[in-house]
Amino acid sequence: MGVSSGFNKCCTDAFGPGMRFLLLIGFVLFASICSAQLSLKPLKRISSPRSSVPNARDENGGRLQLPFWDDFSTSDGRPDTNRWEFGEHVWVNNTQGVNAPTFNVATFDGANAEGRPYSATSTFSGAADSLVSCPIDLSRIPIAQRSTVYFSFFWQIRGNGEIPEESDSLRVQFLRNDTVWVSQDLFPNKQDTSVIMGGSDRLVFDPIDGTLRFSQVIIPVGSAFFHENFRIKFQAFNSLNGVFDTWNIDYVYLDVDRAPDDVFYFDRSLSRTPSPLFGKFYEMPMSQFQVNPGKYLSPQTFQVSNLDNQTHPMDAFYELFAESSLYATSDAKIFEVGFTDYILLAPTDFGPFQSLGDSVGIEASFFLRTSDTTFLDGMVLANDTFRTTYALHNHYAYDDGSAEFAAGINLNRGQVAVRYILEEPDTLTEVLMNFPNLEPSSAGESITVKIWKDLEEDIVLKQQPYIIPSISRDQFDTVNIGTPLILRDTFYVGYQQFTDDYIGIGFDKNNEVAFDEIFTNTNRVWEQNQRLVGSLMIRPVFRSSVDFVLGKNPENSTEIGIYPNPTNGLFHVLGDIDRLEILDISGKRVSQYSPQKTYDLRGRKPGIYILQMHQDQRIFIRKIILK
């Protein structure tokens, strides 16, 4: 069976902006036609607040004072309650915005904070996510200055989510002194003052890559709003049955002494998660990394946003910590004008990680030296530093360990696979899989975990029946594959399901370069993912030694070791065994021995061999290298 270049012909994106817009609008309509393809479902949104920078409040500690500002960089999961009175269903994240002003945006869609649709059965649009500020006291603004009070923010339709329909909208409303919410008109030349964002004539496409860009709007605050309990409200009106309509908001700013053209800010910031450290991987086996470190240690990419629209020099710094010790540094002088600029920082001194042991924890730190505090009256901004972690251990991971969505199919006998390529033959012992809780839950469903050699010929090397457990978010479950499997070069890990119900795997949207390692088979043909950006949380585990039990552990069982390893041919076994079998890299048995002091591999082809050592009801698996 051949491998297709896309999930489905009806879901390709090879058109110009106009045609693409029409296709995307029709996504919900043709989703039923393509329902068997890999699709996303939202998860329960977990809040992990960063250090908050509160806005100024009055002497009673209640109402906020100007300036009111939030770029959501101090929030993670849900909006900061120091600024927002209501908005627990709005998702603050760093994955849904594309070329955002700063890292983290507030995303509005048709799912609540639990990741559940507001109405799973509704086919109509309605009031969905909303975000309401804490009370802001505007009564103290002198009358002479009230004409200089403006409210601005950046907004984006779709981003990395789904595009709203023509009839959907995101509205901004101000609370009048008579407690009435009044929708604000972002487009003075438009007759419609209630639907302020939506419709094809209001979309802004990037002229280079055709993506839908963030746009900034600025609104004067009218005389009816200068009272002590003024509030700002964003309200999404869209489909209520899931994450099918997406709006992103960033850089909310309300202040005095502004003008209609006050849309540039002396603020340089990081605006998205840095790229993985090891090529496409956040984590990989130390043994595989050691074979060819230069292949995987590539310069990391991060994104800088300059909101001042002027050329300002700034210093960008990169620090790499290995096991909490500073391991490598790099810096660059940046002179950039623009909204989104990609900056590469290549470490100047990467030593051999293998000197640090078999398992290494790594942290990369990116930060800008800007001192951008002027336009917010000295407020220290928190959007110029970002840290992320990586590891070299015993498994591959395209994901960063955190799922933003679940990805899966809903077709009996459908299959999903993730591709990996080994630098040298190795021993697969387990598979780690993340099954996030969904509604309805897939816990208790039966699947078959599979390891493939070649999808084009559908060669399956191993099949392991498996019952999906009930686990917490971001937790991995270990699937033991039984007898360890020796793999070389390219292989695939995944599963086949036996129900038409949706079975979801954790999906990390932070990895933008590993999406093409995902494959699905829903119509007897394997298709390569070209549509969903991110990575499935399926991790193959490799160990050089494994112990497993056929029955009850004998109480007097001892650990088994081998030496020397690598060997020129002769080796010894530490510990008592009943029988030793030697397998070649293909798994074929080449020798069998009864217990003896010295074992001999001389005369055989150099390479990797697998030793299976039997001790009562226990089997010890060891890898040995013949030089």
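Here is a short walk through a predicted model, with a sheet, two cores and one serine as the stops.

**Stop 1: a small set of strands.** Select 477–487 and 538–542, which are strands β27 and β33. Add residues 426–433 to bring in β24. Together you have an open sheet of 3 strands, in the order β27-β24-β33, with antiparallel pairing. β27 and β33 are the edge strands, each pairing on one side only. Look at how the strands twist: neighbours in this sheet are turned by 25° against each other on average, ignoring direction.

Now zoom in on β24 and β27. They run antiparallel and are joined by 7 bridges. To see one of these pairings, pick T427 and look across to I486 in β27, its bridge partner.

**Stop 2: the cores.** Next, select F278 and M433. These two have the most contacts inside the largest nonpolar core, which has 67 residues. Stay on F278 and show what surrounds it: beyond its neighbours within four places in sequence, F278 is in contact with E283, M284, F289, Y296, L297, I362, Y390, A391 and L392. Another core, of 38 residues, lies apart from that one; select F108, I141, F174 and I249, which are among its members.

**Stop 3: a serine in a strand.** Finish at S152, in strand β8 (residues 150–157). Is S152 buried or exposed? S152 counts as buried because its relative accessibility is 0%. Show side chains here: that of S152 makes polar contacts with the side chains of R258, at 3.0 Å, and Y265, at 3.1 Å. Leaving out residues up to four places away in sequence, S152 also touches others, including Q216, V217, I218, Y251, V252 and Y253.

How values were computed. Residues numbered from 1 in each chain as written. Predicted model: local features only at pLDDT ≥ 70, side-chain atom pairs only at ≥ 80, totals over all residues. Heavy atoms only, no water. Pairing = 2+ DSSP bridges. Helix = DSSP H or I, 4+ residues; strand = E, 2+ residues; numbered from the N terminus. Axes fitted to C-alpha atoms, helices over the stretch in contact; angles between N-to-C directions. Core = buried A, V, L, I, M, F, W, Y, C linked by side-chain atoms within 4.5 Å. Buried < 20%, exposed > 50% of the residue type's maximum accessible area, 1.4 Å probe, protein only. Contact = heavy atoms within 4.5 Å. Polar contact = N/O pair within 3.5 Å; in protein donor to acceptor, adjacent residues only side chain to side chain.
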